[in-house]
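Here are a few exercises to work through with the model open beside you. Try each task before you read its solution.

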Amino acid sequence: MNFHTALGELELTEDEVLIFAEGLFGFEQLKHWALRESGELDLYWLISLEDKNIAFVLWNVQDHLADYQVKGFELAQGHRVYNILTIRQNKKQPLITANMLAPVIINSQEHKGIQFVMQESGYSTQAPLFLGEVEVC
Amino acid sequence: MLVLTRKPGQTIRIGNDIQIEILSVNGEHIKVGISAPSEVLILRDEIHRSVCRQNQSSVIPGPINLAGVRLKSMNEGERERDEELNGNK
């Protein structure tokens, strides 16, 4: 299957299409997504297959911060936790933050995903993580 | 909007499986107990809005080069952000 996406034309097998039954917060209508490795620093792309102007950059906070835990969601085998990064590109040294409050949880075995809010966790939607150069191609 | 008046200890039912009980009223603070099936999302509205807003400001509309992104420790990132916010960078 071919999709017009924010990252250009993507050819995906059925198994590579992730279903987010509830969409993402603020994007409830977008149910079909694809996860791609970016090749950089454990950064991933979450790409909408329905809106070619929407993609997110994801990172695994859990891999780098041992005490980051998902509470209130029963993680099973095949589940992987990602965090959406916010990259502010309007500065020379863009500030990059991670949404630790509402991780994206992907079940690669069932090809499903959900964005889960850890309501009482005290985590931030804008946890500062990176500083670096980001170029727009 | 449907408006109902309730006293502490009284309950409102929504459909077959959602119940909202007024537990206590203390000045401006109203404690509400909610029973609902686990698949029903219950969130404080301001948290819901902040997650929606954060997602909207995280959208990348096209390819960007991530090669220059380098990781800093949480504390380092936090300090630099504080400096930036305080304008004494």
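**Exercise 1. Find how many salt bridges the model holds over all chains, then work out what the pair A:Glu16 and A:Arg36 ties together.**

Solution. This is a predicted model, and side-chain atom pairs count only at pLDDT 80 or more.

Step 1: over all chains, the count comes to five salt bridges.

Step 2: one of them joins the side chains of A:Glu16 and A:Arg36, with 3.7 Å from N to O. That falls within the 4 Å cut-off for a salt bridge.

Step 3: place the two partners. A:Glu16 sits in the loop between β2 (8-11) and β3 (18-19) of chain A, while A:Arg36 belongs to strand β4 (residues 32-37) of chain A, so the pair ties together parts that are 20 residues apart in sequence.

Step 4: check the exposure. A:Glu16 has 35% relative accessibility and counts as partly exposed; A:Arg36, at 27%, is partly exposed as well.

**Exercise 2. Identify the partner of B:Arg44 in a salt bridge, and say where each residue lies.**

Solution. Step 1: the partner is A:Glu120, and the closest N and O atoms are 2.8 Å apart.

Step 2: the pair crosses between chains. On one side, B:Arg44 lies in the loop between β3 (29-35) and α1 (45-56) of chain B; on the other, A:Glu120 lies in the loop between β10 and β11 (127-132) of chain A.

Step 3: assign an exposure class to each. With the limit for exposed set at over 50%, A:Glu120 is exposed at 62%, but B:Arg44 is partly exposed at 41%.

Step 4: look at the surroundings. Both A:Glu120 and B:Arg44 line the second largest pocket, along with others including B:Ile30, B:Lys31 and B:Leu43. This pocket holds about 280 Å³ of space, and its lining divides into five nonpolar, one polar and three charged residues.

**Exercise 3. Describe the largest pocket: its volume, the residues closest to its centre and the character of its lining.**

Solution. Step 1: the volume is about 720 Å³.

Step 2: 27 residues line this pocket, and the closest to its centre are A:Glu22, A:Phe73, A:Ile114, A:Phe116 and B:Glu39.

Step 3: turn to the elements. Those that give two or more residues to the lining are β9 (104-107) and β10 (112-115) of chain A, and β10(A) gives the most, with four residues.

Step 4: sort the lining by type. There are 14 nonpolar, eight polar and five charged residues.

Methods:
Residues numbered from 1 in each chain as written. Chains lettered and ligands numbered in written order. Predicted model: local features only at pLDDT ≥ 70, side-chain atom pairs only at ≥ 80, totals over all residues. Heavy atoms only, no water. 1 Å grid on protein atoms, 1.4 Å probe; cavity = no way out; pocket = protein on both sides within 12 Å on 5 of 7 lines; lining within 4 Å. Points joined across faces, edges and corners; volume = space filled by probe spheres on them. Nonpolar A, V, L, I, M, F, W, Y, C, P; charged D, E, K, R; others polar. Buried < 20%, exposed > 50% of the residue type's maximum accessible area, 1.4 Å probe, protein only.
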